[in-house]
Structures are given as structure tokens and as C-alpha cells.
Amino acid sequence: MLRLALILGLLSAVGPFAIDMYLPALPTLASDFDATEAAVQLTLTSYFLAFGVAQLFYGPMADAMGRKPPLLLGLAIFALGSAGAVFADSITSLAGWRFVQGLGGASLMVVPRAVIRDRYTGTDATRLMAMIMLVISVSPMLAPLAGSGVIAVAGWRTIFAVLLVAAGLSVLLLIFGLEETLPAAARQRPRLRPLLLGAKRLLGDPIFMALTFVGGFGMASFFVFIASASFVYTQQFGLTPTGFSIAFAINAVGFFGASQIAAPLGARFGIQRVVRIGVTGFAVVTLFMSGIAVAGWASLTVVVVGLVIANAFLGVVIPTTMVLALEDHGDIAGLASSLGGTLQMLAGGVMITAAGPFFDGTVTPMLLAIALCGVLAASLCWAVLRPRPLVEPT
């Protein structure tokens, strides 16, 4: 399990690296291209939207061709987008190449979930997902620091050259390190009618949809933070790009630390109960922080510490909802993973777009948008999900 977690974690980390590594450059992009904050955030939104929509295709492809071919295709497309971003001559051009990056990076999100479902279910799957999240945690902890270092030495364009190299190394890792987990006998031809029937089954499953959007609104809150944190930390709190990178890494510690206890908590109390407690705690903490911000008491220390606590609650929600949503759909794990991933990424992209006009470089709009995500997730969770002990498959 450890070897598989390391390989899948490294592959899955490429997509987050494409987000986190260039976050310190966002204020610089606004200056270099004479663009507004909202225009710069479009380079994130375009990536998220492409990342979400493309998952609809990679899931069925993985069910039909096996798990490795879609991963190779995705890495090739991601490399093309990275190369184009190096030479982007406008903020619009950069957003376009980021869209291409997202189209490729989507495979690195949806297919590893299907690989997990091929091998494990229940708490074992949650444990593997948590181990993968631990590997991915290097992205928010180190990628912004690496990005700020690259910016200082060679400028922001070099960040995308580094991502191009990372894509090439990932291809080698995939070819020589990962075995195919879907045997030929279990593959399904991508016929339209079965896909539509599978999608209808998933969309009509209230538990699948609830878990998808509970996780989706949780992820949307993190996307809101990603889109606005660099402006808030540098403009309101006066941090340097390196200082922002350190604060960003600290904020991520709570999420990835808590994700490691999701499996034992799920085994002891039941996964759905863990989700309910986690999402409720996240909503309560973010609402409290929003009140502090509105009152004018949101110092840098308060924001960083508060987000660490909030993200700790979120850390037990994301991996458990991912696993639990696929629990009853092993025969269409690829489609379920892709559809769920698409809906989650679209939720994040829509939230950034909706909140974008209210972002002004200060902390209050950011915290209010994050709290809204928490309230939506908690409301959905309490309305639909019912706690029950996890029953392991026989």
C-alpha cells in the first residue's frame, strides 16, 4: 500500500503544484500585464473549470482503456499547456494556456481515485487516500516557497518551465512504476447508452450527490483561499512572496495533518458521522472568523491560526467524502470519480467567479466567502446524510 500511495501521491501532486507554485506570482502578474485582481484570478478559474469538465472524459476512458493510457494522455496535454504558458504575452493568453493545463491535469485527479477503488474499499481505501493526501501535502507546503524562489532568481515564466519538467518526470514514473490495475476482462467499452444510464444512476443517488457537494463546497472554500490569499497576505498584511508562502504552508498543515486520522476515526465512529462532525466544525470556525473580520479584529496571527483550525476540520471531510461517494459504485468507479470530480471542481470555479467582484485585497470578503462554503456544506450534510457505522465488504 505504501508504494502505491507514494506513486499515486506524486502523480496527483502535479496538478496542485500547477496551482500552488505560481500563487506568489499573482501580484506580479497583475503588475506585468497591467491587469486587475479579477483578471489575474481568471488564470485560476480557467484551470479549475477545465480541470473539472475534463474529468467527465477521463473517467469513462479509464473504464474502457485501463488506468494508464488516460494518465499518459493527460500528462502530454499538461506539458503542452505548461510550454505555452512560458511564452504567454497577455493575461488572456496565460488564462488560455492554463485552461489547457487543466485539461491535462484532470486525469491526474480522477484516474488515481479509480485505481484506489480497484484495489481497496472501506477504511482501507480511506487509509490509502489519506496516505496519498500526505504525499500531496508537499504541494501547499513547499510549492509556494519553491515558486517564490524561482521568481526571485528567474522570473515567473520559469515556474511553468519547471512544471513542464515535472510532467516529463511523471511520465517516466507512470511507465516504470505503476502497474495496470484494471484487467482487460473488467473494461467497459465507452458506449453512450451505458454512460447515460450510469450518469442517471449517479445523479439520482442522493447519497452520492450529497457527498460530492459536501466535498465540493469544502474544496470550493480552499479554492477561494487560493485565489485571494496572495493578495490579502501581501497587500493587507504586507508580507513578501516568501512570507506569503510560509503563511500558506502553515494554513495547509491543519488540513493534511487531520487527513491522516480520517481512516481511524471512520473505523471507530463511522465515516458519515466523521463527515458530519468535520463539516459542522468547519462551518462554525469559519463563521466565527468572519465575525471577527467584520468587527475589524482579524490580524495576521488570528487569520493564520483560525484557518489552521478550520482546515483541520476540512481535512477529515475531503478524503472521506471521496471514498464514501464511490463506495456503492465500484462497477462504474471511473465514471463516478469523473462525474464527482467535475461537479466538485465546477462548484469551486463558480464560487470563485461569484465571489470575485467582492474581493478587494482585504481579508473580510475572503473569510465571508469561505464561511459561505462551510454553511452550504454543513446544511447539505445535515439535511441528507445520516450517521451509520461503516460496514466493511465481505
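Visitor: Which helix gives the most to the lining of the largest pocket?
Guide: α9 does, with six residues. A helix here is a DSSP run of H or I, at least four residues long, and helices are numbered from the N terminus. This is a predicted model: local features need pLDDT of at least 70, side-chain atom pairs count only at pLDDT 80 or more, and totals for chains, interfaces and linings use all residues. Residues are numbered from 1 along each chain as its sequence is written, and side-chain values use heavy atoms, leaving out hydrogens and water.

Visitor: What makes a space a pocket or a cavity?
Guide: Take a 1 Å grid over the protein atoms alone. In a cavity, a 1.4 Å probe fits but cannot get out; a pocket is an open set with protein on both sides within 12 Å along at least five of seven lines. Lining residues have an atom within 4 Å of a point. The largest pocket has a volume of about 230 Å³, the space filled by probe spheres set on points joined across faces, edges and corners. L10, V14, F17, A166 and S170 lie nearest its centre, among 12 lining residues.

Visitor: How many residues in the lining of the largest pocket are nonpolar?
Guide: 11, with one polar and no charged residues. Nonpolar means Ala, Val, Leu, Ile, Met, Phe, Trp, Tyr, Cys or Pro; charged means Asp, Glu, Lys or Arg; the others, Gly among them, are polar.

Visitor: What lines the second largest cavity?
Guide: 11 residues, with R113, I116, M322, V323 and L326 nearest its centre. α6 (107-119), α7 (122-136) and α16 (318-326) each give two or more residues to this lining. Three of the lining residues are charged, seven nonpolar and one polar. The cavity holds about 80 Å³ of space.

Visitor: Why is the protein chain called as compact as a globular protein of that length?
Guide: First, the protein chain has 18 helices and zero strands. Its radius of gyration is 20 Å, close to the 21 Å that the globule rule gives for 394 residues, so the description fits. The radius is taken over C-alpha atoms; the rule is 2.2 Å times the number of residues to the power 0.38.

Visitor: How do you know that the span of helix α14 agrees with 1.5 Å a residue?
Guide: The expected span is 1.5 Å times one less than the number of residues. For the 24 residues of α14 (271-294) that gives 34 Å; the end C-alpha atoms are 35 Å apart, which agrees.
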